[in-house]
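Colleague: I would like to learn how to read a strand, a sheet and a ligand site. Could we go through one example together?

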Amino acid sequence: MATLFSLCKPISGHPFMPKINNSSHDTPLLTQNLGFNRNGYRDFRLKFEGQPFLRSRVSRCCDQAETLAEITNAFEVPILSNSEFIEKLKVNCEERKGKQSFLAMYSSICGGITTDPAMMVIPMDDHMVHRGHGVFDTAAIMDGYVYELDQHVARILRSASMAKINPPFDHEGIKQVLIHTVSASKCRQGSLRYWLSAGPGDFQLSPSSCHRSALYAVVIQDSTPLARNGVKVITSTVPIKPPEFATTKSVNYLPNVLSKMEAEENGAFASIWLDNEGYIAEGPNMNVAFVTKENELLMPAFDKILSGCTAKRVLTLAEGLVRARALNEIIVRNVAVKEGKSAKEMMLIGSGILIRPVLQWDEQVIGDGKEGPVAQALLELILQDMKYGPEDVRVPVTY
Ligand SMILES: Cc1ncc(COP(=O)(O)O)c(C=O)c1O
């Protein structure tokens with residue numbers, strides 16, 4: 001079958017064109033075939049009621065039938081009824097079902113909870129959507145308890161204050177909403193993600209038309225088993241956020257996303273940021289720690305990076321290892337790259353991964369290249385803490 005690439009006359013002269021090259025008043029006109037560009041696409045400039053409308057792209061590698069479908073699709077933009085729109089959302093939700101299930105969502109816009117994933121949407125005019133004016137946090141759900149909920153709520157309130165978002169509820173109010181959302185989800189094992197946003201308003205840069213801030217929360221069930229094996233990390237070439245933004249857990253995670261992608265492109269699990277003085281900072285969604293040759297637990301200071309709830313808890317739990325003489329000391333200070341790379345052990349720490357040993361950083365093998373005893377002991381301590389820890393780290397959910 002002929003490919004577009006092999007067509008010798010302009011595409012507007014081909015038999016399938018009349019369908020779209022119709023000059024009725026409400027049909028866009030294909031006005032100009034701009035030819036193939038450098039990337040192998042054929043560009044068209046379209047006009048609608050005399051106004052430039054859109055540029056359509058057709059790949060040169062598809063055949064005429066596909067091309068027709070693609071062009072026709074560019075024109076078929078139906079106006080959907082409310083029920084059709086909702087139906088489309090449901091179908092889309094079904095199509096992209098993955099390992100995670102979204103069990104419940106709270107929205108302060110609606111003042112309630114939905115358990116239908118297709119309805120878990122937020123308004124387009126929310127300042128968080130179009131300007132990134134929102135903050136978020138995540139807490140783990142373990143055996144029907146939310147782990148370190150107070151610590152995570154306190155952190156989102158700190159982030160909100162940095163982002164000048166006046167929350168719709170206070171600490172206790174947010175906590176109650178979150179517990180109710182977990183209860184409605186019936187989830188006993190998973191994670192709770194929540195956002196505070198400047199709220200819906202208009203599409204301006206200023207939030208002055210955002211009448212009320214918003215709280216959204218989602219409960220996610222994830223069947224992926226906890227990974228314990230060691231990983232490789234690289235040094236990030238994506239610039240680190242300045243301290244004011246790195247210490248705020250805002251939705252502006254583009255550097256974090258790019259840093260994670262850079263790692264994956266290089267066969268690594270995460271990229272490690274260095275701060276403006278060249279000291280070790282953090283990963284894109286985790287903190288880091290080391291065990292030195294002197295058997296000290298060494299963690300970078302938190303003044304330029306996110307103060308991780310898991311890392312803070314690890315510092316407390318590690319005191320048990322000092323008492324048991326498995327560690328000599330716990331130190332929080334600036335850590336030089338040379339020091340980190342020559343450590344006996346390196347680990348990543350965060351609520352998503354808990355503790356993940358690092359076996360290689362760039363070309364440097366860490367320690368003996370195997371998962372180290374301190375990282376493994378700390379992981380067990382965190383898991384025990386999640387299951388049997390004290391009241392101040394385990395908030396029960398009534399189902
Ligand atoms: C940039 C960054 N650093 C560190 C962490 C670890 O924080 P936590 O232990 O509270 O999950 C996160 C968590 O998402 C993060 O995004």
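**Reading strand 12 and its surroundings**

Modeller: We begin with strand 12 (residues 287-291), which is mostly covered, as five of its five residues are buried. Keep in mind that this is a predicted model.

Colleague: Which residues lie on one side of strand 12, and which on the other?

Modeller: First the general idea: side chains in a regular strand point alternately to the two faces of the sheet. In strand 12, N287, A289 and V291 lie on one side, while V288 and F290 lie on the other. These residues are all buried, so both faces of the strand are covered, where buried means 20 or more other C-beta atoms within 10 Å.

Colleague: How many bridges join strand 12 to strand 15, and in which sense do the two run?

Modeller: Strand 15 (residues 345-350) runs antiparallel to strand 12, and five bridges join them. One can be read residue by residue: V288 has L348 as its bridge partner in strand 15.

Colleague: What about strand 13?

Modeller: Strand 13 (residues 296-299) also pairs with strand 12 in the antiparallel sense, over two bridges. Here V291 has L297 as its bridge partner. Strands 12 and 13 form a hairpin with four residues between the strands, and N295 in this hairpin takes a positive phi near 65 degrees.

Colleague: Now a sheet. What is the order of the strands in the open sheet of seven strands?

Modeller: The order is 5-4-9-8-6-7-18, and the pairing is antiparallel. At the edges are strand 5 (112-114) and strand 18 (394-396), each of which pairs on one side only. From one strand to the next, the twist averages 25 degrees.

Colleague: Which helix packs on the sheet?

Modeller: Helix 5 (residues 171-185) does, and the strands it touches include strand 4 (100-107), strand 6 (134-142) and strand 8 (189-197). The direction of helix 5 makes about 35 degrees with that of strand 9 (214-222).

Colleague: How does strand 18 pair with strand 7?

Modeller: Strand 7 (residues 145-147) and strand 18 are antiparallel, with three bridges. V146 stands opposite V395 in strand 18.

Colleague: Last, the ligand. Which residues are around it?

Modeller: They are N256, E282, N285, M286, N287, L306, G308, C309, T310, A311, G350 and S351. N287 we have already met, on one side of strand 12. By class, the shell has four nonpolar, seven polar and one charged residues.

Colleague: Which element gives the largest share of the shell?

Modeller: Helix 8 (residues 309-323), with three residues.

Note on methods:
Residues numbered from 1 in each chain as written. Predicted model: local features only at pLDDT ≥ 70, side-chain atom pairs only at ≥ 80, totals over all residues. Near = placed C-beta within 6 Å. Nonpolar A, V, L, I, M, F, W, Y, C, P; charged D, E, K, R; others polar. Buried ≥ 20, exposed ≤ 12 C-beta atoms within 10 Å, placed from the backbone. Pairing = 2+ DSSP bridges. Axes fitted to C-alpha atoms, helices over the stretch in contact; angles between N-to-C directions. Contact = placed C-beta atoms within 7 Å.
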